[in-house]
Amino acid sequence: MSVLTRDEAQTRAQLLDVHHYTVDLDLTTGDETFESTSLIRFTARAAGDTFVELKPDALHSAVLDGQPLDPAALDGNRLPLALTEGEHTLSVTATMRYSRTGEGMHRFTDPTDGEAYVYTQLFMEDVQRVFAAFDQPDLKAVFEVGVTAPEGWTVLANGITEQQADGRWKAAPTPLLSTYFVCVAAGPWHTVRTEHAGLPFGIHCRRSLAPHLDADADEILDITKACYDRYHEKFDEPYPFDSYDQAFVPEFNAGAMENPGLVTFRDEFVFRSAVTDTERMTRAMVIAHEMAHMWFGDLVTLRWWDDIWLNESFAEYMGFQTINEACADRFADTWIDFGVTRKSWGYEADQRPSTHPVAPDPDAVPDTASALLNFDGISYAKGASALRQLVAWMGEKDFLAGINIHFKRHKFGNATLADFIDNLAAATDRDVHGWAEQWLRTTGVDTLTPRLEGEGQHWRLTVDRDGSRPHRLAVGVYDRDAAGDLVLRERPWVDVPQEAPLELDGPRPALVVLNDGDLTYAKMRFDEVSRETALRGLSRIPDPLTRAVVWNALRDMVRDGALAPAAYLESALAHLPEETDLALVQGVLGFARAQIADRYVSETDRPAALATICEIARALMRRTEDGDAPGLRLTAVRTYIDSATTPDKIASWLADGTVHGGPELDPELRWRILARLAVLGATDEAAIAAELERDRSASGQEGAARCRAALPTTEAKEAAWASMFATDDLSNYLFTATAQGFWKPEQAELVRDYVARFYLDAVAMAGRRSPAMAEAAGRWAFPSYAVDAESLALGERHLADDEMIPALHRKLVDQLDDLRRALRVRGEGV
């Protein structure tokens, strides 16, 4: 199959105006394939040759202006067209294959009740898996979609749908859309509907999840309405579509997708087990993120994929900011969670060899395959951080004014980085073009370090910068009071580079925190006094957002080899039992467990690291015995289960069906315990089968796959490996679950021979299946536990494999860089 190049897209956009698609899909023809017909009306500005894209199971006919084309002319995914100047119609009829990988038209059968569901994910170039199209974002058109569905199904689409005779559904014509936004979701959905601001709103899920959606329906809809209202306060352009549906769909590869009028979410957001308020806030943020796309991405769309940050950075920023504003009574400061989860994602991505500018040069994104690689922590988290710094620098009023100019000038059209920056510049006297060059066209993370000079009651603070970007940031200056608490003395603003040192009156501060408020994007360091204060007095800092900045600085110091992992764990043990912010607790424990215990300490030191993490979890459990902080207790229980080095206590919880003192075990906790018992060799296939009989849901199937792959036997490992790589039977989610269970540091000797097998088998599987499966293999099936020079050298040799598709190559470049970093942290750097 050929990927579309930027040059080809520009050539085709100069030749064609695409007006209208009539798409008919027949979903009644079996479990493996469906029938697809597309009728395209378009104009050729001149005579010329071009092509339409399609990835059929079988191409039956193609008719251009009443003249049949030879189906055998289909070359990979391209059907050539020889056009005269003027109006044209093209009709293409084909049989298409359902996907089990979350791409194109994905089909899922719910193991709970046997009901089937299908939905489209047409991002980047997967519309070709569903119907013929001129598949590039700047050839927008009106879409009229009709679907023939089995009896008892409901069909959802971008516009309001109506059921007609003989199982046929028809969706209202859309406004001008890019091809990758077309969406259909069909099945026996459970639906909750309401109306807001004169528009129909709906939320939908599988029938088996109905009780769980109903339990949260008011929360989901209230958040949706609050975001809708807040965006209408910010944006001059009204919501541009005829309805707002949100479908929670199975086996979805992303968090969500911003299809106009029909947003699709992974249905793990329909919580069937206990979750924390931070996880509920994440769901709310994703709702806000996807709604922001209705304007930035859907109403105004990028011209080519080099500007994907215009979609994702904007939605990421707006998602956190809007929930912070619209749901302040429901959730704590969302920027704390951004700082400890999303922002660290950006920092990690920006320090790898695969880093790229937020807004890369167009020549760096020559085709769709390379564009797909840029959906990462840079395009999301770093870009959002840059926008947050831009707002701090130019002011929110001018920022929103520029955004509204952008919407007005380009609505229902396409725009570029240059358009966006010009429109921002029209609303401010600031040099936005210069800012964009310094922030959006560069790579890497600046490091900022405070330097204090003086004595007595007068001090001068200079911020040293290792990097090149300008920063506007707040500096937190803290003193200790008589009780030992840290008290804010002042929080002045500083522009880096500085014209002159910052003058501080009073005694030498106990703690200086750069970027207090976390409004810029840079790694922060401490002066020597502040470093000791941070390590020993972190829990005495009054503001949780400031504590987040300090924890992030310590995290970066560990990753850079400037702070021993043991020192980080000691600080976590000293301060987390007193921490009140749930997002901070989850972030610190997550880094301690997944990075420090599994990668950054040696095999010899790992038991001590796990023991410290369990001690923190026990302390949090003792603190929460009164039931006042259920989210904190749940986090502690999960962490204890995942870090247990002996099976007795967690096995007793499973046998009793409850943690002593609560909570009672729901399906998520039961599978979590069973997975850890499998790693420790304290369960067997019979117990896994019994648990699956108890929970026959899709999540139960994934839990069983994860547990079976984690069993410490030769037979279990070989069976798991064969299911992932010897056949293509596993869906995307079951592949991921199996991979998650396979590699465990406790089983290093058992799986050692699979390290070399991974590279050969993953390359072959990725080539057979799809980019989504390549990404899953690189992310989840990579032997990340094997932190040694031999594994690094093996991986580096395989990077030269010409058969490796770009999605897998990029993932392995990142994984091997993480391995290289882990070796440096251990003092074994190469």
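1. A polar contact is taken here as a pair of N or O atoms within 3.5 Å, where, within protein, one must be able to donate a hydrogen and the other to accept it. In this predicted model, the side chain of Ser 697 makes such a contact with the side chain of Asp 695 at 2.7 Å, and the Ser 697 side chain also makes a polar contact with the side chain of Arg 272 at 3.2 Å.

2. Ser 697 lies in the loop that runs between helix H19 (685-694) and helix H20 (698-710). Its relative accessible area is 11%, so Ser 697 is buried, and, leaving aside residues up to four places away in sequence, Ser 697 touches Pro 111, Thr 112 and Arg 272.

3. Helix H21 (residues 714-725) packs against helix H22 (residues 732-742) at an angle of about 145°, the axes being 10 Å apart, and the crossing of H21 past H22 is left-handed. Among the residues that meet are Trp 721, Met 724 and Phe 725 in H21, and Phe 735 and Phe 742 in H22; by class, this contact has seven nonpolar, three polar and one charged residues.

4. The open sheet of eight strands has mixed pairing and follows the order S5-S4-S7-S2-S1-S10-S13-S12. Strand S5 (67-69) and strand S12 (161-163) stand at the edges with a single partner strand each, so one side of each is left without a neighbour in the sheet. From one strand to the next, the twist averages 20°.

5. Within this sheet, strand S10 (residues 142-148) pairs with strand S13 (residues 168-171) in the antiparallel sense over three bridges, and Gly 146 stands opposite Lys 170 in S13. Helix H1 (residues 6-15) packs on the sheet, where H1 touches strand S1 (16-26) and strand S2 (33-44), and the direction of H1 makes about 100° with that of S1.

Definitions and conventions: Residues numbered from 1 in each chain as written. Predicted model: local features only at pLDDT ≥ 70, side-chain atom pairs only at ≥ 80, totals over all residues. Heavy atoms only, no water. Helix = DSSP H or I, 4+ residues; strand = E, 2+ residues; numbered from the N terminus. Buried < 20%, exposed > 50% of the residue type's maximum accessible area, 1.4 Å probe, protein only. Contact = heavy atoms within 4.5 Å. Axes fitted to C-alpha atoms, helices over the stretch in contact; angles between N-to-C directions. Left-handed = near helix turned anticlockwise from the far one by under 90°. Nonpolar A, V, L, I, M, F, W, Y, C, P; charged D, E, K, R; others polar. Pairing = 2+ DSSP bridges.
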